[in-house]
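Take the model in hand and follow the walk below. It goes from strands to helices to the core.

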Amino acid sequence: MLGAVSSDSSAGASAATPAKANQQAPGFYRYKVGEYQITAVTDGVSTYPIPDGFVTNASKAEISAALAAAYLDPEQLSVPYTPIVVNTGAHLAVIDTGTGEGNFATSKGAAGQFQRNLRAAGFTPEAVDVVIISHFHGDHVNGLLTADGKLAFPNATVMVPEKEWAFWMDDGEMSRAPKGRMEGLFKNNRRVFDALNRKVTPYAWEKDVLPGIKAVGTPGHTPGHTSYVISSGKDQVFVQSDVTNLPALFARNPGWHPAFDQDGVMAEATRRRVYDMVAAERMLIQGFHYPFPGAAYLEKTSSGYREIPRPWMPVV
Ligand SMILES: [Zn+2]
């Protein structure tokens with residue numbers, strides 16, 4: 001009886017109540033694509049106030065309104081990072097690597113979780129034989145290294161888009177880079193790839209990186225930005241990398257140009273082309289910056305696209 005609850009009984013309950021935990025269960029989620037198995041493994045989520053100039057052609061008020069329309073905090077961004085593991089039966093491939101193990105301490109556990117969640121999912125870094133990188137931003141390449149700067153995947157061939165490698169590792173491009181963010185990206189790529197002794201295998205667009213994993217050029221975000229079509233039997237998933245960042249902002253407003261799209265006009269054209277295709281074909285996408293686990297469908301709306309998360313399933 002509600003009316004019978006007394007202050008005495010609530011005091012008794014609190015004495016036996018355990019402390020509130022502040023961590024989730026390890027974040028990984030598996031699904032099948034034909035004979036292949038995908039495991040989405042979260043690196044965590046970074047939360048920060050909307051930076052000035054975050055979208056070059058939308059105001060902070062417009063960004064806040066779009067966040068509120070999607071039932072998100074209108075004052076700040078929460079950006080997830082979700083690399084995936086693809087078990088093809090012949091290969092254990094990782095696509096993108098997260099913000100780096102060193103970021104776990106820096107972010108107080110909010111991100112930099114990929115290595116620990118990978119292990120929680122039952123994979124050792126030593127068992128990964130291929131790492132495929134979509135583009136050379138820190139949240140995708142920094143996880144190539146451990147917190148102490150060693151190879152995070154000691155037995156893996158690291159495959160990189162040939163156009164991305166050509167751009168970022170070119171000393172002339174670096175010398176012409178604007179100070180600040182772009183210069184920092186060039187330096188970070190040297191830090192990461194020099195630790196690998198620049199031992200990478202460049203790959204071309206429109207070809208299979210591994211059997212059943214085709215590289216698709218989706219430039220604009222960076223010059224060599226790459227997505228993938230993973231196919232097995234009749235099943236497919238389009239791994240979109242950063243064709244959009246947060247779908248609540250950039251799928252719903254595909255004409256917005258985030259400052260981190262290096263060529264905003266090209267990135268918009270890529271976004272519309274890819275999303276028109278996946279919406280028309282009702283194709284599953286896997287989005288690196290989508291809410292975890294990042295598997296969704298897209299429908300076209302009058303002003304853009306709306307993402308429809310695929311429901312959680314208890315068995316693979
Ligand atoms: Zn990214």
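**A sheet, two helices and a core**

Glu299 stands opposite Arg306 in β16. This is a predicted model, in which local features need pLDDT of at least 70, side-chain atom pairs count only at pLDDT 80 or more, and totals for chains, interfaces and linings use all residues. Residues are numbered from 1 along each chain as its sequence is written. Helices (H or I, at least four residues) and strands (E, at least two) are DSSP runs, numbered from the N terminus.

Stay with β16. Strand β15 covers residues 295-300 and strand β16 covers residues 305-309; they run antiparallel and are joined by five bridges. Two strands count as paired if DSSP finds at least two bridges between them. Leu298 has Glu307 as its bridge partner in β16. The connection between β15 and β16 is a hairpin of four residues.

Now step to the other neighbour of β15. Two bridges link β14 to β15, again in antiparallel fashion. There, Ile285 has its bridge partner, Ala296, in β15.

What is the order of the strands in the open sheet of seven? It reads β10-β11-β12-β13-β14-β15-β16, and the pairing is mixed. β10 (208-210) and β16 stand at the edges with a single partner strand each, so one side of each lacks a neighbour in the sheet. Neighbouring strands are turned by 35 degrees against each other on average, direction ignored. Axes here are lines fitted to C-alpha atoms, for helices over the stretch in contact, and angles run from 0 to 180 degrees between N-to-C directions. Strands of a sheet pair through backbone hydrogen bonds, either parallel or antiparallel.

Further along the order, β12 and β13 run antiparallel and share five bridges. Tyr228 is matched with its bridge partner Val239 in β13. Helix α10 packs on the sheet and touches β12, β13, β14, β15 and β16; its direction makes about 95 degrees with that of β15. Contact means that the C-beta atoms of two residues, placed from the backbone, lie within 7 Å.

Look at α10 itself, residues 264-281. Its 18 residues should span 26 Å at 1.5 Å a residue, and its end C-alpha atoms are 25 Å apart, which agrees. The expected span is 1.5 Å times one less than the number of residues. Which residues of α10 are buried? They are Ala267, Thr270, Arg271, Val274, Tyr275 and Val278. Seen down the axis, these buried residues fall within an arc of 120 degrees, so they line one face of the helix. The arc is that of the directions from the helix axis to the C-beta atoms. A residue is buried if 20 or more other C-beta atoms lie within 10 Å of its own, exposed if 12 or fewer, and partly exposed in between, with C-beta atoms placed from the backbone. The buried residues of α10 are covered by elements including β12 (226-232), β13 (235-241), β14 (285-287), β15 and β16. Turned away from that side are the exposed residues Val265, Arg273 and Ala280. After the helix comes Arg282, with a positive phi near 50 degrees.

Helix α8 can be read in a similar way. Its 15 residues should span 21 Å at 1.5 Å a residue, and its end C-alpha atoms are 21 Å apart, which agrees. Leu185, Phe186, Asn189, Val192 and Phe193 are its buried residues. Down the axis of α8 they fall within an arc of 135 degrees, so they line one face. Their cover includes α5 (138-141), α6 (162-168) and α7 (171-176). The face turned away carries the exposed residues Gly184, Lys187 and Asp194. Just after α8, Asn197 has a positive phi of about 50 degrees.

Zoom in on Phe193, which sits in α8 (residues 181-195). Why does Phe193 count as buried? Because 22 other C-beta atoms lie within 10 Å. Not counting residues up to four places away in sequence, Phe193 touches Met169, Arg198 and Val200. Phe193 and Val141 are 52 residues apart in sequence, and 8.9 Å apart in space from C-alpha to C-alpha.

Last comes the core. The largest nonpolar core has 69 residues, and those with the most contacts inside it are Val86, Ala93, Val131 and Met159. Such a core is a set of buried Ala, Val, Leu, Ile, Met, Phe, Trp, Tyr and Cys residues joined through C-beta atoms within 7 Å. Leaving aside neighbours within four places in sequence, Val131 is in contact with Val94, Thr97, Leu144, Phe153, Ala156, Val158 and Met159.
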